[in-house]
Amino acid sequence: MSGPILQFGTSRFLLAHVALFVSQALERGDAIGGISVVQTTNNPVSHARVSALSRPGGYPVRIRGRERGVAVDKIVVCDAVRAAWVADRDWTAVRRAAIEDVRVIVSNTGDMGYRLDERDSPALLGSDESVPRSYPAKLLALLHSRWHERPADGVSIFPCELVANNGDTLRDIVVGLAVQWSLPEEFVDYVQTRCHWMNSLVDRIVSEPIEPVGAVAEPYALWAIERRAGMVLPCTHESIVLTDDLRSYERLKLFFLNLGHTWLAEQWIAERRSPSETVRDAMSDTRLCAGIETVWQEEVKPVFVSLGLGRQAEDYVADVRERFLNPYLDHRIADIAQNHAEKVKRRVLPLIELADAMGLQGKQPRLHAMLAKHGFL
């Protein structure tokens, strides 16, 4: 038995985010149905996870942290998964579900998920035996099979990868591949107009797995989805926000949470602090905590005030502060500090450019100094 939601990826993030939302919504009758999960990688750990997902009884998600000042430590059982497949082994079932049952496709395929594989070719289309290697080619093959049998019936696609404009980006890759393979114009039109590609932003720290399947996650969770005509949502949930202004949510996360992490990493590197220091440790250091609060309040928040988002910024930074102080989360700054210079460029430079464009030049001395140190000014 499969469900109307096809989920590519068995990462602990998806298990504690989208799949958990659907499970909770199903209890209230607020979801379109269950989830069929597709594992796209081949390794023993992945196979063990799929086997565990295939067993009845669901899997645990442990929610640990602080929420509005109150400690939270509870286990929620997620039972939204109706089928669990390995793409290379169960492609016939995946393809049949995509043709007959699926209304929504969700994915979180990692940093390299949109990369194409030159070994993929149109010869793979319509085959139950040959499985495309890249995720875009898999998606193209499934949509082509559905179009062939149901040419007027598209699906809603929700990429959750941390890529700007992830829905538009994935659509353009799939359309580009279809054109490269000289597929019919009618199919390309189906992909572009009958299928609905949603840009979205996911935000939740999922700190560790529970073996063989499950996860430990913080209480905070957000799935911000750009509203588009014709879209079919997998469910309604208090952590799902439909918005006409996804950019504001992206900026809040980038310039408070991500930039805050990078500011702490900058101090950690400069002061050669303990390799075991965590974000919580740093926030418990009076001087470091005062420093990051100064950056948030004096150098970041004024930009959002100028954008007319002062209240949203105030609420969001309160959540970030609580998340950084999570007593159950050991988020090592050494991990955050990997690829540090590139993160400085991606997380700090856009804020300075935005501030300058709004006439706030010179109002971010600490962040300017960080950029100059790394050669970005």
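This passage looks at how helix H14 packs in a predicted model, then turns to a serine in helix H2.

Start with the pairing of H8 and H14. Helix H8 covers residues 246-270 and helix H14 covers residues 349-357. Their axes sit 10 Å apart, and the packing angle comes out at about 125 degrees. That value falls outside the 65 to 115 range for roughly perpendicular and is not over 145, the cut-off for roughly antiparallel, so H8 and H14 are oblique to each other. As for handedness, H8 passes H14 in a left-handed crossing. On the H8 side, the residues that meet H14 are Arg251, Phe255 and Leu259; on the H14 side, their partners are Pro350, Leu351 and Leu354. Sorted by class, this contact has 5 nonpolar residues and 1 charged residue, with no polar ones.

H14 has other neighbours too. Its buried residues are Leu349, Leu351, Ile352, Leu354 and Ala355, and these pack against H8 as well as helix H10 (286-306), helix H13 (340-347) and helix H15 (365-373). Leu351 and Leu354 thus turn up in both lists: they are buried, and they take part in the contact with H8. Just after H14 comes glycine 359, with a positive phi of about 80 degrees.

Over in helix H2, which spans residues 18-28, there is serine 23. Its relative accessibility is 0%, and because buried means under 20%, serine 23 counts as buried. With neighbours within four places in sequence set aside, serine 23 is in contact with Val77, Cys78, Asp79 and Ala80.

Technical notes: Residues are numbered from 1 along each chain as its sequence is written. This is a predicted model: local features need pLDDT of at least 70, side-chain atom pairs count only at pLDDT 80 or more; totals for chains, interfaces and linings use all residues. Side-chain values use heavy atoms; hydrogens and water are left out. Axes are lines fitted to C-alpha atoms, for helices over the stretch in contact, and angles run from 0 to 180 degrees between N-to-C directions. Helices (H or I, at least four residues) and strands (E, at least two) are DSSP runs, numbered from the N terminus. Angles under 35 degrees count as roughly parallel, over 145 as roughly antiparallel, 65 to 115 as roughly perpendicular and the rest as oblique. A crossing is left-handed if the near helix is turned anticlockwise from the far one by less than a right angle, and right-handed if clockwise. Contact means heavy atoms within 4.5 Å. Ala, Val, Leu, Ile, Met, Phe, Trp, Tyr, Cys and Pro count as nonpolar, Asp, Glu, Lys and Arg as charged, and the others, Gly among them, as polar. Buried means under 20% relative accessible area, exposed over 50%, partly exposed in between (1.4 Å probe, protein chains only).
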